[in-house]
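Hi,

Here is the structure I promised to pass on. Please have a look at it before reading my notes underneath.

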Amino acid sequence: AAAAGGGGGDAQTVVSTTATAAVSVKLHPLVIINVSEHAMRTRMQTGEHRSVFGALLGSANGRELEVTNSFELVMKVEGGAPPAVDHEYLAKKQEQLKLVFPKDEFLGWYRTGSGEPTTFDLEVQRSLSSFNESPIHLQIDSAVAGVAGERLPICIFESMVDTVDGRPRTLFVAVPYTIVTSESERIAVDHIAQISNAGAGDTTKTATHLQSQHNAVEMLYRRVGVIKEYVQKVVDGQLVPDYGLLRDIAALARALPVLGTPRFHEESLTQCNDALLTAYLATLTEGSNALNELVTKVQVVSAPDRGPGGGGRVDRGGKMRHLGGFGSMMRSHV
């Protein structure tokens, strides 16, 4: 979902004093990649820089929050009002993700843009308090072409009540964060971070390592083929047997692990079944999504009442929804 995060004006939105945040955040690179991809995709589709919005997922351990995943939010427009988060979509998406990631909970939201948070961000922050008592706000400046030194264009805020001109106001306060990675994330980040746009021939360390392994296996395969061909020709009587060489080949064969044991057969069958189950699950998921889309289209076509002016559609829950503005559903990175 993309929208203009306007409405900032000159009103103060960030605590000006040296206030200390109540929490600290561990941020995973997957979230940064998801947000960057969301912003870039929106820019390519619209041809302009727009603020994009999404939800942050993770776990909370006391005052320490760990943000591990994210998904896009749908922003809806009603009349001439500013864009607002579609709470119905957010609740439904959370429900779906709970089935796959039961430990993940809603921690906050993100927006791309430069400068300090705006009054519009404060409104979004207040509107999401029903999902989390104190959500965090992640802001990434996606328009930055390069990063000087090691500082990322990322700011994280939480909201707090402060006194401004003798009146209590809800303001943002900066939250300290650290970047943490898992082993699988390191591989993905290594590919993304080290590929240079200057030349198409540049490769990452991981790609180089995998290529060397491939070359070693290919060389081993060719040499085993030579040995097999030699033994076959000796058996067929085409070559004079060299018994010293045959003894070396026999010793090499005896040194190999025995692959015909029941334990190997059982583990191989289990691994094969797991791979097939994964493939079948992916096929079922794809078929289920296609069926859901078909049901939605059938409901739209066969609906007796298209709503005022015929501008509505029937969602999967059987309710009429108005098409337009920011009501389109954006895909998520789960």
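Below is what I found in it, beginning with one strand and moving on to the cores.

This is a predicted model, where local features need pLDDT of at least 70 and side-chain atom pairs count only at pLDDT 80 or more, while totals for chains, interfaces and linings use all residues. Residues are numbered from 1 along each chain as its sequence is written, and side-chain values use heavy atoms, leaving out hydrogens and water.

Let's start with strand β2, residues 24-27 (strands are DSSP runs of E, at least two residues, and helices are runs of H or I, at least four, both numbered from the N terminus). V25 and L27 point to one face and are buried, whereas S24 and K26 point to the other and are not (buried means under 20% relative accessible area with a 1.4 Å probe, protein chains only).

β2 pairs in the parallel sense with β4 (residues 64-72) over four bridges, and with β11 (residues 177-179), again parallel, over three (pairing requires at least two DSSP bridges between the strands). V25 stands opposite L65 in β4, and its bridge partner in β11 is Y177.

Now the cores (sets of buried Ala, Val, Leu, Ile, Met, Phe, Trp, Tyr and Cys residues joined through side-chain atoms within 4.5 Å). The largest nonpolar core has 20 residues, and V67 and L138 have the most contacts inside it. Elements giving two or more residues to this core include β2, β4 and α1 (29-46); the largest share, four residues, comes from α1. Apart from this core lies another, of 14 residues, including L73 and V85.

Enjoy exploring!

Note on methods:
Buried < 20%, exposed > 50% of the residue type's maximum accessible area, 1.4 Å probe, protein only.
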